[in-house]
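Here are my notes for you to read alongside the model. Keep the viewer open and look up each residue as we go.

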Amino acid sequence: KVAIKGIERELICPACKELFTHPLILPCQHNICHKCVKEILFAFEDSFADGGSESSNQSSPRIRISASSMDRIDRINRSGRKRNSLTPRSTLFPCPSCQRDIDLGERGINGLFRNFTLETIVERYRQAARAAIAIMCDFCKPPPQESTKSCMDCSASYCNECFKIHHPWGTVKAQHEYVGPTTNFRPKILMCPEHEMERVNMYCEICRRPVCHLCKLGGGHANHRVTTMSTAYKTLKEKLSKDIEYLISKESQVKAHITQLDLLLKETECNSERAKQEASQSFEKLYYVLEEKKSAALRAIETSKNIRLEKLQTQVEEYQGLLENNGLVGYAQEVLKETDPSCFVQTAKQLHVRIQKATESLRSFRPAAETTFEDFVVDTAKQEDVLGDLSFHSNGLEIPEINEEQSRMYNKALISWECPGKTDSADIYVLEYHKLNKEEESVTWQKTEVCGKSKVLSDLDDDSSYAFRVRGYKGSICSPWSREVIMRTPPAPVFSFLFDDKCGYNNEHLQLNPRRTSVESRAGFPLLLGSERLQVGCYTTLDYIIGDTGIAKGKHFWAFNVEAYSYLVKVGVVPSNKIQKLFHNTHDVTSPRYEQDSGHDSGSEDAFFDSSQPCTLVTLGMKKFFIPATPAAPKDPASRILPLPSCLGICLDCDRGRVGFYDAGRMKCLYECEVDCSGLMYPAFALMGSAAVHLEEAVTARYREYHDDI
């Protein structure tokens, strides 16, 4: 027989930290008092009304809602679930045991089962704890007698006499079930909380809860796997019995583990005291160094002060001697009274030199010493930064590494990192970054705390380089800083647009995705059928597509990806007054040296480039980037061919009339030229053969979560 008093910890509610009162079973299989559930939900409702988390945490002296629970209530508040919605309302409840947000469904508390088994055990524990306290009869006249039995049908306790009176022989009440004195009355039949008139007779193996036949037929458990209550009872009881027998058979092993844990507790106490002493000694050393530096600085200031005071005091005395009847002037006045020329000349010569020096010093007055002590200002900025980073370093905490492939610089900065061991050993990460500026002598790092392994930053300047570093924290222990990574922001604000599926869009050759962020050219039957018109000298018309938004002024940047298998792609900008010419240009050929009308080679690439292009485009294809043949371009054709970057960018400056083509991964300009920006400017793309272009997706706060889900 298990001692009831030894299981008290299992009978404590995680919310109020008291013995369970009418415990309910949550969907996560944890138990909580009925009253605690209501009070936590009231706190949740109040936080909706007040817009904050400090609602009813202090209103109830019984419940103790932890700070983490209140934080989760705030998070549920901000998650977008609103009251009075037209959609069925589901109640989220922060479970105090597993720290997860549990969906209670539309019925909320009413859909939860009462744990009568746990309630009975709690009652037995209460009786064992108060064995001397008797349960009194509910029907005796004062003074009441001690009860001898309790009726489970009447939910009342009786003494022998009252029980005979209220349960006479030969009546229906005589058939009532009675037990020993108790205050815990439970129904004989467990009814379904969703269908109150139906008794539960099945067990849902998916939701792990009893259900009735209506729940299985048309309720929320229609497609779930269920079993009969008797089968579930037998199966679970056998499993529980076997597990209990196994644990009991391992009692010696459990005791050995307890002994080992007791030793570990003592060892932890000793090691913590030793760590405190070592930390205290380390700080004492710092105090000693600081005291030495402080004493030396104060001595230097005191010495300088004494020297300056001495000089100024001497100067004061010299100037006091220039006053009438005082010092040098008074002595000179006495010398002037001498009437003997020989004696006067003998004394006056040296005196005159002194008077001249005094006169010159009076005309160009300058203090003998500086009064400021600017040279003695102690610069502790770097030391303060170092002391601010002072923390416990642990070899067990891995140094995170910034993943440059997953990190992005676009409309916002997405910085991602990972641990070499692929384990999340840190509780929280600190990301620091600063703008690279050669003019600034000291570096000021901006700091942000992150719970995950990525962070989106939106306060960075355009066309600037930034340094990033990250470190992990686990409690008061931190890892060393990661290697600094330099990344550059786009040269201008990001311009957002989609592919235009109306203006000139050729749906026979081009295919857009539903979001209009990707376009693909397929060399299929349309190209094959068009080959009947192809003769010697072979030309094929490019298929153009433009953006759905134009640019009138300012400086803008956009990025895109060209698939590596693409045969020929042209990218650039087109003014609005040349869009019609762009889509009706029949001289767009695969070889820029070929002119169909003349039937011979023109021999002038530059002339063709200037005359035939209605817009400014550069050519991409076969994993290459081709710099256009212009007078400023290198004469060697091989030097005009660059590897195709994984991500390309275009920067249009309407105010300066310039367009630049960038390696968007490094934000490096590959080619720049002049462009006529007299009208609205549209992003332009041309594809031929098998090719595909994907617009770069904007970085949002949930960008990483979205891609991780994919």
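Is Arg 656 buried or exposed? Arg 656 has 54% relative accessibility, so it counts as exposed. Bear in mind that we are looking at a predicted model.

1. **Arg 656 and its partner.** Arg 656 makes a salt bridge with Asp 653, and their closest N and O atoms are 3.6 Å apart. Asp 653 is on the other side of the accessibility scale: its relative accessible area is 8%, so it is buried. The cut-off to remember here is that buried means under 20% and exposed means over 50%.

2. **The strand that holds Asp 653.** Have a look at strand S30, residues 648-653: six of its six residues are buried. In a regular strand, side chains alternate between the two faces of the sheet. For S30, one side carries Leu 648, Ile 650 and Leu 652, while the other carries Gly 649, Cys 651 and Asp 653. Both of these faces are covered.

3. **Neighbours of S30.** Which strands pair with it? Strand S25 (residues 555-562) is joined to S30 by six bridges, and the two run antiparallel. Within that pairing, Ala 559 sits opposite Gly 649. Strand S31 (residues 658-663) is also antiparallel to S30, again with six bridges. There you can find Cys 651 opposite Gly 660.

4. **The turn.** S30 and S31 make a hairpin, with four residues between the two strands. Click on Gly 657 in that turn: its phi is positive, at about 70°.

5. **More salt bridges around S31.** Arg 666 pairs with Asp 663, with the closest N and O atoms 3.0 Å apart. Arg 666 is exposed, as its relative accessible area is 54%, whereas Asp 663 comes out at 10% and counts as buried. Then there is Glu 674 with Arg 658, where the closest N and O atoms are 3.8 Å apart. Glu 674 belongs to strand S32 (residues 668-674) and Arg 658 to S31, so this pair ties together parts that are 16 residues apart in sequence. Glu 674 is exposed at 64% relative accessibility, and Arg 658 is partly exposed at 21%.

6. **Salt bridges overall.** How many salt bridges does the whole structure have? The search finds 19 of them. Elsewhere in the chain, Glu 432, Lys 447 and Arg 469 are linked in a network of salt bridges.

7. **The nonpolar cores.** The largest nonpolar core has 48 residues, and Trp 558, Phe 560, Leu 652 and Phe 685 have the most contacts inside it. S25 is the biggest giver to this core, with five residues. Try selecting Trp 558 and its surroundings: among its contacts beyond four places in sequence are Leu 648, Gly 649, Ile 650 and Leu 652, as well as Tyr 410, Pro 683 and Phe 685. A second, separate core has 24 residues, including Cys 16, Cys 28, Val 37 and Phe 93.

8. **Cysteines.** How many disulfides are there? The structure holds zero. Cys 33 shows what that looks like up close: the nearest cysteine sulfur belongs to Cys 13 and is 3.7 Å away. A disulfide would need the two sulfur atoms within 2.5 Å. Cys 33 is buried, at 0% relative accessibility, and Cys 419 is buried too, at 2%.

How values were computed:
Residues are numbered from 1 along each chain as its sequence is written. This is a predicted model: local features need pLDDT of at least 70, side-chain atom pairs count only at pLDDT 80 or more; totals for chains, interfaces and linings use all residues. Side-chain values use heavy atoms; hydrogens and water are left out. Buried means under 20% relative accessible area, exposed over 50%, partly exposed in between (1.4 Å probe, protein chains only). Two strands pair if DSSP finds at least two bridges between them. A nonpolar core is a set of buried Ala, Val, Leu, Ile, Met, Phe, Trp, Tyr and Cys residues joined through side-chain atoms within 4.5 Å. Contact means heavy atoms within 4.5 Å. A salt bridge is a side-chain nitrogen of Lys or Arg within 4 Å of a carboxyl oxygen of Asp or Glu.
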